[in-house]
Every structure is written in C-alpha cells, then in structure tokens.
Amino acid sequence: MTDPLFNPIKINTLELSNRIYLPAMHLGMAKEFEVTDQIVNFYAQRAKGGAGMICVGYATVDELSGNTQNIGAHADRFIPGLTRLASAIKENGSLAAVQINHAGRYNFSFFLDGKQPVAPSAIASRMTKETPKAMTIEEIKQTVNSFATAAVRVQKAGFDAVEVLSGTGYLISEFLSPLTNQRSDEYGGSLENRMRFGLEILAAIREKVGPLFPLIVRMNGNDFMPGGNPREELIEYAKALAKGGVDALCINVGWHEARVPQIVAQVPRGAFAYLARGIKEVVDIPVIASHRINDPKEAREVIQEGYCDMVAMGRSLIADPMLPQKARQGKEDQIVHCIACAQGCFDNLFKLKHVECLCNPLAGYEQEESLPVTSCKKVLVVGGGAAGMTAALTAFRRGHSVTLYESSHRLGGQLHLAAAPPGRQEFAQLARDLETQMRVLKIPVVLNTLVDKGLIEAMAPDVVLLATGAKPLLPPIPGLELPHVVDAWDVLENKVDTGRRVAIIGGGAVGVETALFLAEKGTLSADILKFLFVNKAETPETLFEMATKGSKQICVIEMMDRVGKDIGKSTKWGMMQDLGRFGVTTITSGRVTKIIETGIEYAQTPGEETPGASPGGATQQIEVDTVVVAAGSASHNPLEQIVKQMGLAFQVIGDAGKVGTAFDAVHAGYRAARDI
C-alpha cells in the first residue's frame, strides 16, 4: 500500500511530489519589504526537508496592505529578491508559491506613516482599536488591479503558483462578512454582492497570469465570529471560487479577533480538518486542510478518510524542517514535533521580532548552524531537562564527547509539569522527542544519580554544563508548615490530594495552570460527553455545564494587579477565558498574611479591592480545605562553586542560572553548547 502522504498530486498542470504543503506564515524577517538572506536560508532549509510545496508570505499588493516586515510584491523593484527566494526553494527540491494579501482594517496606522487603514466599511477593529476608512468604488477597482499586478510579479519571479489570502479577517474576508461589510452598493448586502470583491480579484489575476498558472485561495472554513459568515455562506463561496477558475483551496479557521483558540496546544490535533471535508464534498479541485496537524500520522489519517487532498504543516516545519524527509524514510520517531506553545512563532510577532521556535533553536538562525569542532572536548551535562538535553544534543552534534547525568528517574524535567494542565499535553511530547534524539545519537545518560565533587573528579571533564533547574519558591508566610499546605508542583504531578475548597497562592503561569488542572477534576471526559450527546441523553446546555463544572471551588490569590502576567499573549487569553468558564475565582492585589487551620488570611492593596471585599488593607479570611503554594521558582545551582574551585570551564544554563520559560531553557542550552 502506498503512503498517501507521498502520492503525487496535480494543481492545475503542476505536479507535486507529495501532499505536504508549507503554508504562508508571517516571519517578520523582511527588511523594508525586501527579501533577506534570513528568509532565503529559512525556506531553503524547509525545501531540503522535502515539503511538496512551500508558500511564502504574505506578500503585499499595495502600500496600505502590510508593513515593512512583510515581503513586498507591490512594486517591480521587489522582483529580484522574489526571484532569489523562488530559486532557493526550487533548487533545494520543493515547488514554490507566494501568498498575496491585503490586511485591510487589520493594518495599523503606525505602520502606514499615519495613513488610515482601509476596509469595506468604517467599522472599528477590536484587534487594532482603530476605525478604517471605507473604500470608494475607485479604490476597490484599484485594489483589484493591485492584486493582479502583484500576482504577475510573483509569476515573473519564477514561482510555480500564487495564493490569495481570502480569510482570517483581512480585506477580502472583510468584504465577504456581513459583520464588517455594511455597504449598500454592488459590493454589499447579499452574499452575491459580498463575494464580488474576492471573485473580481481572482478573475483579474487569472486574466493576467493565464490559464495554466496555478491559483490557490486560502479561505476560512469557519470564521468563528458572531454575526460573521455562517459555514453555509463559506461553502457557497468555495463553490464560487472553484467555478471561477481557482485551482486549489487551502482551508483555515477563524479571524484574529475570534474567541475560539486556533493554534495553541489547547486545540486537539487535526481539530479543524472537518471544515476542509465540508468544502471538499462540494468542489472538484484539491482541498488542503490546516491547523494543528503536526505529525504524519494525523496527516495520513485526514487524507485517507477523505477530509482533504493535502495537509498544510506550517509550524510543524518550523519545529522540524526535515519532517517530510523523516516521514518518507520511516524515521517518524525522530521527528521533533511542534508543541503549539506559540512562544517563539506567534508571540514574537507581537514584539515585532522575527519568528523563532521553542523546539528548534535554529529556526530563524539557519545561517548560524554550527560547524563541526576541530578539537573534541569531554563535556559533562548535569541535568536532563529541556536545557540540559538541548545542550547535550548540540555539543554531541558538533563533535564533542558528552555524558548527561540526571538526579531523577526520567528525562524531561519541568516539561512534565508544564504538560499536566488540560490542553498542555504537548509539552510532554517535547520531552519524549528530546529523549528520542538522545537515544538515537547514543549519548550516554545516567539517571537517579546526584552529581557531586567526587563524581566530577572521577569523570575529569573539560567542560561542565550546569542545568540543574529550579526548586519551588516558598514565600515567608506563617503557617506554611500546616498539613493542608501543599506545593503546586506536587499537585501537578498528582503526588498529593486536594480538598473540595482550594486556595492557590500565586497567580502567575504555574498558579493559573494549577487552577485549571484542579478545575477539571469532576468534569465529564470527552468520551462520556460524546456518548451523552450522540444519544441525546442531555441537552447541549447541560453537557456544557457538565464539561465545565468540576468538583472543586478554587480561588487564586495574586499579589500583582492581574493574574497571568508571565503567560504568552497567544495562550493567555484562552486560559483567562477558561478560568471564567470553570468558575475559578481570582483575587488580585492580594497578599496572603497568614495560613491558618481553616484557610488563609489576606489583605488587599488599597484601591485594588475585589468587588464586595472589605475596605482596602483590612485582613480577610477564606475558608478552604487545601492551600496550594504557587509562588514561583528559585534557581537550584548547588555545583557552581564546586566547579569554580576545581578550575573547570563551565556554564550555568536554563533555570539554574535564571528562572525563565521552556523557550529560554532550550535556547540557552543551545547557545552554551554552540560556544564550547
């Protein structure tokens, strides 16, 4: 039986060698719209990995359509850079496409030198907090032409196809949606009128590029916007696109403003493939499914079961550019999976930084890939968490002799803690992936062993990398010794029991994750919910309550003015949403003054009281059965002074040096080993 992932497929007359499509992702790597060496190196590496087609972008169609970190396609001066990028992708084995787009009301006047963004109607964007200018008929016609001329530039640059972004809340989908299109002319009102702008763009492109140049549209299968396009309208739009000469459809989900998680680990793998199936059933052109397909197993399954013809694997190929090649060679166990943390790819964009990756420290730095060393050194790595394993792998690959020691019974460290809360299980996947890499490379690993001076002397290493991690921080609160006080790490590892009423001291990432972990206790499982739903045993409203109402009453107390300050922007809003859904109470600007046998005492900063609380500064009590301490972490670094005294070269990495995120740990481990 042939592997469905590696069966060829045609888009128009173009034959792709496999069904893996790298969709366009904003990388933040362009400079003044120009293609940079960084972009070329990034995509060349993914082409070497064997993706059937790589789509870059998005690329701009006019001066209002994006910002200077986007690839430019709105002027002829950008053709040489585009040509260089197309050549790099094709010379390394993949076919190449460019996605062109106009941000519409999702653009910021800040990026437009103060100019007002444009849209079908002057309706403010919740994302930008700005109100756009409603486009005139003349501006609409000009924009249609701008898309077409940008597509011609893509064709002239040597790309194999062009893709038009017609979803995600950008300009074309703004015309399509009744939520953002309140026009009364031929571009507004009925679905036929609201489709007109997008269809005119596609018709203009087809006229300019000819009948044989592949034309792909990326569109929403569901926009998840109340008052937006119902699925039935989007299916009709897909039918109109296919009838109008589009050669393939890539189906994505949601607008940036939508309150349904789309890319984070909370989303089950392949959760949105059903949207591609709904469209595949009504069109006769290839349909590409996307979002959270990060493993060849899920990719094959959605193709085999008729959900789609191809799969878009974007962040999956940021995490492991060689994923297609490994799948083809039967080495799938060696894939480093995207864990949908969004810490380096999406969160970076909010900071105007280029894309990086927690799982792959070389993402965005392909040109810096370390050369083999000329002098092999004996390297001792102490600690088998994310930092330690990354350091060991990097040092070994560069040619050093490496041994790793871990004090516990397993590798992975705090990745296992991070994986405990609901929707965070992918962090355990990273622990498994790193451990697999260690095993494949046969790097010696010694578990259940504390490293001391004697062991270091016996090993006589040239370099010691200290990745001993962190320990829970215990705040100076009277009553910590009471029997109903437990640590958040022990809760997440199921080492302790908790009562019905729980107070969590600390509203940072660990406190929020612990609250959500406990909030799931007593809710119905997915299997039970499906059984009850399919058999119509309960109403959807009752099932929702059973899915979100657990057996515990949970209160989170945070000293700062809001909870979750150290959680990444991409994941934070969803976690805050879940705190509300699961009925978790939060108290901000609250300082726990004492733990008592019946609960806790706390005081709030004047002026920051929780509604209904006592006047500012007054001590209040909460009766609880269990108090969970989630006050943060402190570096655990017992060996630094020892190796200093021994005169050994060393580096302290990860939480052992400074408490941070898993992203920080992986990148610190990589840099430390790179610099040996």
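## Starting inside the core

Let's begin with I205, which touches I100, F147, A148, A151, V162, V164 and L215, leaving out residues up to four places away in sequence. Please keep in mind that this is a predicted model.

Where does I205 fit in? The largest nonpolar core has 148 residues, and I205 is listed with I100 and L249 as having the most contacts inside it. A separate second core has 26 residues, among them L417, V486, V512 and L518. As a rule, in soluble globular proteins nonpolar side chains tend to be buried together.

## A glycine in a loop

Now follow the chain to G228, found in the loop between β10 (215-222) and α6 (231-243). Is G228 buried or exposed? Its relative accessible area is 12%, and buried means under 20%, so G228 counts as buried.

Which residues surround G228? Setting aside neighbours within four places in sequence, G228 is in contact with S177, P178, L179 and D223. Take S177 as an example: it is 51 residues away from G228 in sequence, yet the two C-alpha atoms are 5.3 Å apart in space.

## An arginine with many contacts

R292 also sits in a loop, this one between β12 (287-289) and α8 (296-304). With a relative accessibility of 8%, R292 is buried.

What does R292 touch? Not counting residues up to four places away in sequence, its contacts include Q262, I263, V264, A265, V267 and P268. R269, G270, R315, A340 and E426 are also touched by R292. With E426 there is a further detail to look for: the side chains of R292 and E426 are joined by a polar contact of 2.9 Å.

## A sheet of three strands

Further along the chain you can find an open sheet of 3 strands, ordered β23-β24-β25 and paired in the antiparallel sense. Why is one side of β23 (590-596) and of β25 (620-623) left without a neighbour in the sheet? Both strands stand at the edges and each has a single partner strand, so there is no neighbour on the other side. On average, neighbouring strands here are turned by 30 degrees against each other, ignoring direction.

For a closer look, pick strand β24 (residues 599-604), which pairs with β25 in the antiparallel sense over 4 bridges. You can locate this pairing through E601, which stands opposite Q621 in β25.

Conventions:
Residues are numbered from 1 along each chain as its sequence is written. This is a predicted model: local features need pLDDT of at least 70, side-chain atom pairs count only at pLDDT 80 or more; totals for chains, interfaces and linings use all residues. Side-chain values use heavy atoms; hydrogens and water are left out. Two strands pair if DSSP finds at least two bridges between them. Helices (H or I, at least four residues) and strands (E, at least two) are DSSP runs, numbered from the N terminus. Axes are lines fitted to C-alpha atoms, for helices over the stretch in contact, and angles run from 0 to 180 degrees between N-to-C directions. A nonpolar core is a set of buried Ala, Val, Leu, Ile, Met, Phe, Trp, Tyr and Cys residues joined through side-chain atoms within 4.5 Å. Buried means under 20% relative accessible area, exposed over 50%, partly exposed in between (1.4 Å probe, protein chains only). Contact means heavy atoms within 4.5 Å. A polar contact is a pair of N or O atoms within 3.5 Å; within protein, one must be able to donate a hydrogen and the other to accept it, and residues adjacent in sequence count only if both atoms are side-chain atoms.
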